[in-house]
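Biologist: I am new to this structure and would be grateful for a close look at one part of it, a pair of packed helices. Please set that part in the context of the whole protein beforehand.

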Amino acid sequence: MCFIQGVVDLKSEILRFLKNAEGEFVSGQELSESLGVSRTSIWKHINQLKEEGYEIESISRKGYKLKSAPDKLDREEIGPLLSTEFIGREIVYLDTVDSTNEEIKRRADRSREGLVVISEEQSVGKGRLGRNWTSRKGAGIYMSILLKPDIYPQDAPKITQVAAAAVVKGLKESGVDAKIKWPNDIILKEKKVAGILTEMTGELMRVEYITLGIGINVNNGIEDFPEEIANKASSLKLEEKKEFERKKIASAVLNNFEKLYSDFLERGSISVSIEICKANSILLGKEVRVISRKSEMLRKAVDINEDGELVVEDGDGNRESVFSGEVSI
Ligand code: BTN
């Protein structure tokens, strides 16, 4: 994979050589000749990599061997796992940020569709309906994607369904059987482990761009979930009783998202994503409470339609679709 933006730096190049060697030694001589820099410079960069968490064995006369890589979400680690054409071609990786959605908005005008912002932590992680999103350093995946689809504003919520399908598919590739609580909650063993925040910037009749934020609680511990949310929210680690590689999950979600999103743009329909959402829905067939600004009603969730809306039915069999608001079981 090549990246449109970002000078390919020496550190990344050394890493590429070490990774290609698949656990064998690469001599300092070979690195220095191939990259056209001194052996001292190679040594300095190797030390930097070690400081960043790469485990590199150095033996004189043999050279350097990569023994393990940290679970970082930068382009060195995620890039090789991506099979995408435009999502994540440009990755902005941050140690900390207020919110990756806000960072996308700051960059939207001068960036192409597909820009991904990933941060190790967020100081003001945002959830839906004005809530916070707990974003402790290194524990979860906090990423946002810049999208510039040629669609009408009323079709923007469809992107949430595409993303929900991509998250569930991506998690399955790591052996996690998560479900979707329409419209944007990803549930594992009855607790929320991931969420999607889709924000649209544009005019009444025109989408300028969409900021798609995805937060996944991966290796968080119980201390990350205060008492008031502990019965509702959790992490993959807490539910599956093991640690997960964040880079594998993040790249799988991006790979699946690009496929489903491209399918939407080509066909003008999210039917493939809807099938995934329906097959993994925890609401369908259940009595649900539909909470809107003005009212609350009890209905049976019966379908998710082609627009990504939840279809509910009252006791007399009358159906209506719900396109926003909150739904609880
Ligand atoms: C929700 O379920 O309420 C949506 C949560 C979305 C959280 C993600 S984390 C990355 C991106 N940046 C944010 O500030 N929020 C989204």
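Modeller: The radius of gyration of this predicted model is 22 Å, which agrees with the value near 20 Å that a compact globule of 329 residues would have. Along the principal axes, the C-alpha atoms occupy a box of roughly 80 × 40 × 30 Å. Of the 329 residues, 42% are buried. Among contacts with a separation of 6 or more, 62% join residues that are 24 or more positions apart. The protein contains ten helices and 14 strands.

Two of these helices form the part to be examined. Two packed helices are described by the angle between their axes and the distance between the axes. Helix H6 spans residues 157–172 and helix H10 spans residues 271–279; their axes lie 8 Å apart and meet at an angle of about 60°. H6 is therefore oblique to H10, since an angle of this kind falls outside the 65 to 115 degrees that count as roughly perpendicular and is not under 35 degrees, the limit for roughly parallel. The crossing of the two helices, H6 and H10, is left-handed.

On the H6 side, the contact is made by Gln161, Val162, Ala164, Ala165, Val168 and Lys169. H10 contributes Ser273, Ile274, Ile276 and Cys277. Sorted by class, the residues in the contact of H6 with H10 comprise seven nonpolar, two polar and one charged.

Methods: Residues are numbered from 1 along each chain as its sequence is written. This is a predicted model: local features need pLDDT of at least 70, side-chain atom pairs count only at pLDDT 80 or more; totals for chains, interfaces and linings use all residues. Helices (H or I, at least four residues) and strands (E, at least two) are DSSP runs, numbered from the N terminus. The radius of gyration is taken over C-alpha atoms; the globule rule is 2.2 Å times the number of residues to the power 0.38. A residue is buried if 20 or more other C-beta atoms lie within 10 Å of its own, exposed if 12 or fewer, and partly exposed in between; C-beta atoms are placed from the backbone. Two residues are in contact if their C-beta atoms, placed from the backbone, lie within 7 Å. Axes are lines fitted to C-alpha atoms, for helices over the stretch in contact, and angles run from 0 to 180 degrees between N-to-C directions. Angles under 35 degrees count as roughly parallel, over 145 as roughly antiparallel, 65 to 115 as roughly perpendicular and the rest as oblique. A crossing is left-handed if the near helix is turned anticlockwise from the far one by less than a right angle, and right-handed if clockwise. Ala, Val, Leu, Ile, Met, Phe, Trp, Tyr, Cys and Pro count as nonpolar, Asp, Glu, Lys and Arg as charged, and the others, Gly among them, as polar.
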